[in-house]
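Thanks for letting me have a few minutes of the meeting. I would like to walk through one structure slowly, residue by residue, and then step back to the whole chain.

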Amino acid sequence: MPRCTSSLALAGLVVACAPSADTIAPRDDEYPPTLEPYDDDAAPEADLPAWHSLGGSVAEPAATLSSDGRLEVFVRGRDGALWHIHQVEPNDGWSEWTSLGGRLGGGVVVGEDGDAHIDLFARGSDGALWHLRQSGPKHGWPAWVRLGGQIRPGDRPAVARGLDGHLEIFVRAPDRTVHHLRELPGPAWSTWQSLAGAVGPIAVARDGDGRLELFARGDDGELLHRHQLAVDGAYGEWTALGGRFDGAPAVARNRDGRLEVFVRGDAGDLRHLWQTAPGGGWSPWASLGGAPGDPVAIATPDGRLEVFARGLDFALWQIGQVTPGGSWTPWSSLGGTFNDRPAIAANQDGRLEAFVRGADGALWHRWQARPGCCW
């Protein structure tokens, strides 16, 4: 089996947006590639007939649809570098694994699409925020750029795109306060700004009226939220939306613009609440049952929300709206045995595809047979 040997150094510009103890980019020889490409002849595990392996030795997958219609998946390798694999053509076929270098201290987050290239953000081994931007569809990846700041160990950044197209990045500092960074023309980045108040893991989404809204778990387990007072403007204070939950919240936007938030309740079930109008007030909490891990929520191409989570049996479980903004299906198991949170993305033809780190440490995937149906 051939071995992937490409590697990009986490070198280049050091951006002095905030102080950090580590300003020296690692060298190529500090993270030799160790991943193997997938084996075209490898058979799926006997107990996972619907899942297929893409090989590798991975952690914390993230997936997105590139502007040319191909799915791309990014993982942290056992060498600490970022690795990726992508469809050769839209909806079909996979490349071998390629290293994008770096020395990561956590999983990567994909910036929302908007300008024909992919933006990646991750916590570096120095605790700072690092950024990698693709040159364009099917183009190369320049050097990583250090954006500074300090991110709490175990956290991933939260990323949203403002109404004017700029990216805004939110992280929790070691003291659990939220700090954020805004993309400026150029491209350039603002200085770091702090939002007072110590909170748990965060999620961010753009409201139906264009304002960004943050969600986090408070010290008493309640859901807190904080939103811009005007589009691209300053942020208000943290306010409570009630409930009691564990882990990290997930948020998605309904087709009519209303945000909906999902959490793992203190009773172990999936609970949710939603805006009663775009940019408006909030419903009472409701239970969707089940016994999930931290949820991952996605708006499907046909406008429905679907939620995925690891069950107590370590399989992937799914629940979704029957119609956009409507009632919910029962829970269904997609099988498998996996670690980490799943990564979910839509193919160019609208079929959802799920990616997980299997019990063997490899990347496994499963997909819908047709949009909206049948895994």
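Let me begin with Leu-316, which is buried, because its relative accessible area is 0% and the cut-off for buried is under 20%. I should say straight away that what you see is a predicted model, and I will come back to how confident the predictor is. Leu-316 sits in strand β26, which covers residues 316-320. If we set aside the neighbours within four places in sequence, Leu-316 is in contact with a list of residues that includes Trp-51, Phe-308, Leu-334, Phe-338 and Ala-354. Ser-333 is also among those contacts, and although Leu-316 and Ser-333 are 17 residues apart along the chain, their C-alpha atoms are separated by 6.0 Å.

Now please look at a second leucine, Leu-223, which is placed in strand β18, residues 223-227. Is Leu-223 buried or exposed? Leu-223 has a relative accessible area of 0%, and therefore counts as buried. Beyond four places in sequence, Leu-223 touches, among others, Phe-215, Leu-241, Val-261, Leu-273 and Trp-285. Phe-245 is another residue that Leu-223 touches, and the C-alpha atoms of these two, 22 residues apart along the chain, are separated by 7.6 Å.

Buried residues need not be leucines, so to speak, and here Arg-172 is a good case to consider, because at 7% relative accessibility it counts as buried. Arg-172 lies in strand β12, which runs over residues 167-172. Which backbone atom does the side chain of Arg-172 reach? The side chain of Arg-172 reaches the backbone oxygen of Val-199, at 2.7 Å. Among the residues that Arg-172 touches, leaving out those up to four places away in sequence, are Gln-150, Asp-155, Thr-177, Val-199 and Pro-201.

From strands we can move to loops, where I have picked His-117 and Asp-79. His-117 is in the loop between β7, residues 104-110, and β8, residues 119-124, and with a relative accessible area of 16% His-117 is buried. The side chain of His-117 makes a polar contact with the side chain of Arg-133, at 3.3 Å. Outside the range of four places in sequence, His-117 touches Arg-133, Gln-134, Ser-135 and Gly-136.

Asp-79 lies in the loop between β3, residues 71-77, and β4, and Asp-79 is likewise buried, with a relative accessible area of 14%. What does the side chain of Asp-79 make a polar contact with? The partner is the side chain of Trp-83, at 3.2 Å, and in addition a polar atom of the Asp-79 side chain lies 3.1 Å from the backbone nitrogen of Ala-81.

Two further residues deserve a look for their backbone angles. Asn-91, in the loop between β4 and β5, is not a glycine and yet has a positive phi of about 70 degrees. Asp-340, which is placed in strand β28, is not a glycine either, and has a positive phi of about 65 degrees. Asn-91 is partly exposed, with a relative accessible area of 26%, and for Asp-340 the value is 26%, which means that Asp-340 is partly exposed.

Let me now step back to the whole protein, which has 30 strands and zero helices. Buried residues make up 54% of its 375 residues. Of the contacts with a separation of 6 or more, 44% join residues that are 24 or more positions apart.

The largest pocket has a volume of about 1800 Å³. Of the 47 residues that line this pocket, the closest to its centre are Val-110, Val-159, Val-251, Val-296 and Ala-297. Several strands give two or more residues to the lining, including β2, β7, β20 and β28. By type, the lining residues divide into 32 nonpolar, five polar and ten charged.

Finally, I promised to return to confidence. The mean pLDDT of the protein is 86, and 85% of its residues reach 70 or more. Over residues 1-49, however, pLDDT stays under 50, and the model has 114 contacts beyond four places in sequence for that stretch. Where pLDDT is low, the predicted coordinates should not be read in detail.

Conventions
Residues numbered from 1 in each chain as written. Predicted model: local features only at pLDDT ≥ 70, side-chain atom pairs only at ≥ 80, totals over all residues. Heavy atoms only, no water. Helix = DSSP H or I, 4+ residues; strand = E, 2+ residues; numbered from the N terminus. Buried < 20%, exposed > 50% of the residue type's maximum accessible area, 1.4 Å probe, protein only. Polar contact = N/O pair within 3.5 Å; in protein donor to acceptor, adjacent residues only side chain to side chain. Contact = heavy atoms within 4.5 Å. pLDDT = per-residue confidence, 0-100. 1 Å grid on protein atoms, 1.4 Å probe; cavity = no way out; pocket = protein on both sides within 12 Å on 5 of 7 lines; lining within 4 Å. Points joined across faces, edges and corners; volume = space filled by probe spheres on them. Nonpolar A, V, L, I, M, F, W, Y, C, P; charged D, E, K, R; others polar.
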